[in-house]
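Biologist: Please take me slowly through one part of this model, since I have not seen it before. I would like to know how that part is packed and what surrounds it.

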Amino acid sequence: MRPSSTLRALAREKPPPAGAVPGAGAGAAVDPVAVLRGFTGGVRPQLAPGEQCEMCAVPIGPVHPHVADVPDHRLLCTCRPCYLLFDVEAASRGHYRAVPENYRYDVNFAMTPAQWESLGIPVDLAFLFHQTDQGRHVAFYPSPGGATESLLDLASWAEVVAADPLLVGLVPDVEAVLLRRLPSGFVCYLVPIDACYELVGLVRQYWEGFAGGEEVWQQIDAFFAGVAEKCRG
Ligand SMILES: [Zn+2]
Ligand SMILES: [Zn+2]
């Protein structure tokens, strides 16, 4: 296992301690990109990530869309007018791709325990997406060190995707399959890739010891409750 270059740019810095991010309390709007990049502190020549549009530099609030820089494997915080420049099918094939904002629950998701085991994910959380420049699916899990990639062969995941029309339709690089394994079975959501970064940020910030501790799992439960809510809305 190694930290992926996909997420390294976003996850390389420790997030600030709880309370250091404006609006980082439970239920408040948090910008996952800003949290994962961390803040440099001290006097800054410009606004921190998440405070200004990274394309045109206008100030933006904590709730804003993201545009993926696909070859560079990173997300840009943007204002809505810049986001909309790339929010069309024609533009989505280029260097920049708008991160969709819709959340879906996959009621027909089916995966066997053996297929899950073959992913080599050591926690009960994973997100998978199709990475264009590698021409294949990639699988990550949140860990105290950030997003970690499973380097196992994902042939069985390709079988799962092929059998599920909803998964086949996922937009490469910017939409992900978010999986949680529960005693009752798997829960599967189709989410914007920045939602996965938000989960990675929570785990980095709150994970303690071997099993994570009570607080991180409360945060994870709250995160999934929010995802479920967005699927209904
Ligand atoms: Zn802009
Ligand atoms: Zn952002």
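Modeller: Contact here means heavy atoms within 4.5 Å, while helices (H or I, at least four residues) and strands (E, at least two) are DSSP runs numbered from the N terminus. This is a predicted model, in which local features need pLDDT of at least 70 and side-chain atom pairs count only at pLDDT 80 or more, whereas totals for chains, interfaces and linings use all residues. Residues are numbered from 1 along each chain as its sequence is written, chains are lettered from A and ligands numbered from 1 in the order in which they are written, and side-chain values use heavy atoms, with hydrogens and water left out.

The protein chain has eight helices and 10 strands, and of its 233 residues 48% are buried (under 20% relative accessible area, with exposed over 50% and partly exposed in between, for a 1.4 Å probe and protein chains only). Of the contacts between residues at least 6 apart in sequence, 58% join residues at least 24 apart.

The part I would choose is helix H5, which runs over residues 155-162 and in which Ser-156, Trp-157, Val-160 and Val-161 are buried. Viewed down the axis of H5, these buried residues fall within an arc of 145° (taken from the directions from the helix axis to the C-beta atoms), so they line one face of the helix. An α-helix has 3.6 residues a turn, so residues three or four places apart point the same way. On the other side of H5, Glu-159 and Ala-162 are exposed. Ala-155 also lies in H5, and because its relative accessibility is 40%, Ala-155 counts as partly exposed. The C-alpha atom of Ala-155 is separated by 8.8 Å from that of Ser-118, although the two are 37 residues apart along the chain.

Covering the buried residues of H5 are elements that include helix H4 (113-117), strands E6 (125-131), E7 (136-143) and E9 (175-182), and helix H6 (165-168). Trp-157 itself touches Phe-109, Met-111, Leu-119, Leu-128, His-137, Leu-167, Val-177 and Leu-179, with residues up to four places away in sequence not counted.

Trp-157 also belongs to the largest nonpolar core (a set of buried Ala, Val, Leu, Ile, Met, Phe, Trp, Tyr and Cys residues joined through side-chain atoms within 4.5 Å), where, of 59 residues, Trp-157, Leu-167 and Leu-179 touch the most other members. Two or more residues of this core come from each of strands E3 (74-77), E6, E7, E9 and E10 (185-192), and from helices H5, H7 (193-206) and H8 (213-232). H7 gives the largest share, nine residues.

Between two of the elements that cover H5 lies a loop, the one from H4 to E6, and Asp-124 is found there. Because its relative accessibility is 30%, Asp-124 counts as partly exposed. Apart from neighbours within four places in sequence, Asp-124 is in contact with Trp-116, Leu-179, Arg-180 and Arg-181; with Leu-179 it is 55 residues apart in sequence but 8.0 Å apart in space, C-alpha to C-alpha.

Finally, a word on confidence. The protein chain averages a pLDDT (the predictor's confidence in each residue, from 0 to 100) of 82, and 77% of the residues score at least 70. Over residues 1-27 the pLDDT stays under 50, and the model has 58 contacts beyond four places in sequence for them. Residues 38-47 also have a pLDDT below 50, with 13 contacts beyond near neighbours in sequence. Where pLDDT is low, the predicted coordinates should not be read in detail.
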